[in-house]
Amino acid sequence: MTTTALVSLNSPYSFWQFSDQHAEKLRSAFPDVRLRVAEERDVPVEIDTADVYFGWAFDADWVKAPTQLRWTATPSAGVDHWPVAALDAAGITLTRGYGYHGQPMAEHAMGLLLGFSRGLFESSRLQTRSVWWKDDLASSFFDLSGQTLTIVGCGSVGIRLAKVAQALGMHVIGVRRRPPRSEPGGIEWVPADRVREALTRSRAVVNLLPATDETRGFFDQAAFDACGPGAIFINLGRASTVDHDALLDALDTGPLAGAGLDVQPSKPPALDDPLRHHPRIVLTPKSAVFSNAYMDQAVAFFRDNLRRFLAGQPLNGAVTPTHGGPHDSR
């Protein structure tokens, strides 16, 4: 029986857009797979005859019984916007992408950290209202070399960031719920229940936590109070993991010297949102994963998984149990 794969990956940005060239590469690699490309508005109808779906989003209403859909895939690293429980209950595997988010996110994190440590953001603010601001920077810059960076939620993205930070002479602490037994790349691993001990030693903290019930408000007043004096906090994870009132308080009266936020509680933040106007907060518009290589790498990841699916092999990045490809004998 022919496998039908439905792709809906539309974006106003070319690097997040599934192109005709991507489609042709998949058709060439899998001549026996019927590949259909659809706009998201057409997915509710097209999904009825698909075995595989590859897209940015999935609505729980698209899961109908009975269904021939066996596998849904997203290029995103996070799946908190997907109906994970509904897909699992319907026996449909969900996979997320990984491995290609690390480089742009590492560059983004280090860009923010360098902006604070070298006084680049402060210089940008002062250049229009100060005759010469060298003394201001002389009293606020700091060296990264020899300092400690703590990465909370240190998975594959965090390990990539650790390598960049280590190249600048930083010591890296990786915080994970279950630290690996080995210590790849010289990272000092700390379990999540000892995170405050790590924060106390840190000049910089990067949050990469996903959005879960357990991580909601993880960075609260107590966590920020535990940070070392003059610490920089960077959030490239999820906004729900941070108590933003506590963050503002830590900037005004606590130990934090600055914060870089790629994610905020509302998208976009209101024009009068205090996060927009705080002099030591830099906001970026969820652009940490901007990369001109993004979709090429995402399609390559999907292509490898499609081979596995057709062979009835376990899929990489499985979020729900791998229910099996078309050769599953259940």
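Helix H7 (residues 156-167) lies across four strands in this predicted model. Those strands are S6 (148-152), S7, S8 and S9 (204-207), and the helix runs at about 170° to S6. All four belong to an open sheet of seven strands, so that's a handy place to start looking around.**The sheet**
- The strand order is S8-S7-S6-S9-S10-S11-S12, and the pairing is parallel.
- At the edges sit strand S8 (188-191) and strand S12 (281-283), each of which pairs on one side only.
- On average, neighbouring strands of this sheet are turned by 15° against each other, ignoring direction.
- In general, strands of a sheet pair through backbone hydrogen bonds, in either a parallel or an antiparallel way.
- Strand S7 (residues 171-176) pairs with S8 in the parallel sense, over four bridges.
- If you want to find that pairing by residue, look at Val 175: its bridge partner in S8 is Val 190.

**Helix H10**
- Helix H10 (residues 244-252) lies across strand S10 (231-235), strand S11 (256-261) and S12.
- Its direction is about 140° to that of S11.
- Which residues of H10 are buried? They are His 244, Ala 246, Leu 247, Leu 248, Ala 250 and Leu 251.
- The cover over those buried residues includes helix H9 (221-226), S10, S11, helix H11 (274-277) and S12.
- The N-terminal end of H10 is capped by Asp 243, with a side-chain oxygen 3.1 Å from the backbone nitrogen of Asp 245.

**Helices H1 and H12**
- Helix H1 (residues 20-29) and helix H12 (residues 294-310) have axes that come within 11 Å and cross at roughly 20°.
- With that angle, H1 counts as roughly parallel to H12, because the cut-off for the term is under 35 degrees.
- The crossing of H1 and H12 is right-handed.
- From H1, the contact is made by His 22, Leu 26 and Ala 29.
- H12 brings Met 295, Asp 296, Val 299, Phe 302, Arg 303 and Arg 307 to the contact.

**Thr 93**
- You'll find Thr 93 in strand S5 (residues 93-95).
- Is Thr 93 buried or exposed? Its relative accessible area is 1%, so Thr 93 is buried.
- A polar atom of the Thr 93 side chain lies 3.0 Å from the backbone oxygen of Pro 321.

Methods:
Residues are numbered from 1 along each chain as its sequence is written. This is a predicted model: local features need pLDDT of at least 70, side-chain atom pairs count only at pLDDT 80 or more; totals for chains, interfaces and linings use all residues. Side-chain values use heavy atoms; hydrogens and water are left out. Two strands pair if DSSP finds at least two bridges between them. Helices (H or I, at least four residues) and strands (E, at least two) are DSSP runs, numbered from the N terminus. Axes are lines fitted to C-alpha atoms, for helices over the stretch in contact, and angles run from 0 to 180 degrees between N-to-C directions. Contact means heavy atoms within 4.5 Å. Buried means under 20% relative accessible area, exposed over 50%, partly exposed in between (1.4 Å probe, protein chains only). A polar contact is a pair of N or O atoms within 3.5 Å; within protein, one must be able to donate a hydrogen and the other to accept it, and residues adjacent in sequence count only if both atoms are side-chain atoms. Angles under 35 degrees count as roughly parallel, over 145 as roughly antiparallel, 65 to 115 as roughly perpendicular and the rest as oblique. A crossing is left-handed if the near helix is turned anticlockwise from the far one by less than a right angle, and right-handed if clockwise.
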